[in-house]
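Welcome! Open your viewer, get comfortable with rotating and selecting, and follow along one stop at a time.

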Amino acid sequence: MSRRSDKQNRPAGPPPERKDLHAAAAAHLARFAATERGLAQVLERRILRWGQRATEEGQDSASVTETVNRIRPLATDIAREMVSLGAINDQAFARSRAARLTRGGRSRRAVQMQLAAKGIAAEDATQALDQALGQDETAYETELAAALVLARKRRVGPFQKDVEAETTPEMDSRLFNVFARAGFSRAIVETVLAMDPEEAEDRILTLKANL
């Protein structure tokens, strides 16, 4: 029997108490980086899973719902407590994640969306991005290098194998759409596609050395 089946067939047992959720939070943070909101969501799902198993076992659904609603706020409380203990730092998480995603070829816009999905407030995300990726000209250079990482992955522009191959307007349009969906501006893409291969490699190396 798989581990997934074991979890599904595990008896619901008593509802999770604060100490149970606190232990679950500590175990999660020992394995994964998390934001305050992200940890709260992990604990909320744990509570909801208990409620689902309890209901499936035949416990009174109204009573189960009442219990879930009573203990659910503990998820937010414990996540906030982990922040006060220093186990969670949303700003540090955002800076680290922004740097990692940029090294992987993500645009600033795409990074902002990822941070928002992790529960980072827009103002905090902007501050973290400025700290991790720089501002003004530095930010432009970082964005350009990130676009070059994507170009290398796609083997286009300075990383195109067959430099003599002809491209059609339709092919160019599809290529620009790829970069646009990744959050890069047309000006950045035009610069990337026209760049010398050696300069492109140097810029990627500089990006990865600085982030």
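A residue counts as buried under 20% relative accessible area, as exposed over 50%, and as partly exposed in between. Keep in mind that this is a predicted model.

**Stop one: a salt-bridge network.** Select R18, which is partly exposed because its relative accessibility is 38%. Now add D77: the side chains of R18 and D77 form a salt bridge, 3.9 Å from N to O. This pair joins distant parts of the chain, with R18 in helix α2 (residues 18-31) and D77 in helix α5 (residues 73-84), 59 residues apart. Next, add R80, whose salt bridge with D77 has its closest N and O atoms 3.5 Å apart. R80 and D77 sit three residues apart in helix α5, so about one helical turn separates them. Include E81 as well, and you have a network of salt bridges linking R18, D77, R80 and E81.

**Stop two: two helices side by side.** Select α3 (residues 36-56) and α4 (residues 61-71), whose axes come within 10 Å and cross at roughly 170°. Angles over 145 degrees count as roughly antiparallel, so α3 and α4 are roughly antiparallel to each other. Show the side chains where they touch, including W50 and A54 of α3 and V64 and I71 of α4. The residues of this contact are seven nonpolar, four polar and no charged.

**Stop three: the largest nonpolar core.** Which residues touch the most other members of this core? Among its 22 residues, they are L148, F179, F184 and V192. Color α9 (136-154) too, as α9 gives the largest share, eight residues. Finish by zooming in on V192, whose contacts include L144, L148 and P158.

Technical notes:
Residues are numbered from 1 along each chain as its sequence is written. This is a predicted model: local features need pLDDT of at least 70, side-chain atom pairs count only at pLDDT 80 or more; totals for chains, interfaces and linings use all residues. Side-chain values use heavy atoms; hydrogens and water are left out. A nonpolar core is a set of buried Ala, Val, Leu, Ile, Met, Phe, Trp, Tyr and Cys residues joined through side-chain atoms within 4.5 Å. Buried means under 20% relative accessible area, exposed over 50%, partly exposed in between (1.4 Å probe, protein chains only). Helices (H or I, at least four residues) and strands (E, at least two) are DSSP runs, numbered from the N terminus. Contact means heavy atoms within 4.5 Å. Axes are lines fitted to C-alpha atoms, for helices over the stretch in contact, and angles run from 0 to 180 degrees between N-to-C directions. Angles under 35 degrees count as roughly parallel, over 145 as roughly antiparallel, 65 to 115 as roughly perpendicular and the rest as oblique. Ala, Val, Leu, Ile, Met, Phe, Trp, Tyr, Cys and Pro count as nonpolar, Asp, Glu, Lys and Arg as charged, and the others, Gly among them, as polar. A salt bridge is a side-chain nitrogen of Lys or Arg within 4 Å of a carboxyl oxygen of Asp or Glu. Lists of a residue's contacts leave out its neighbours within four places in sequence.
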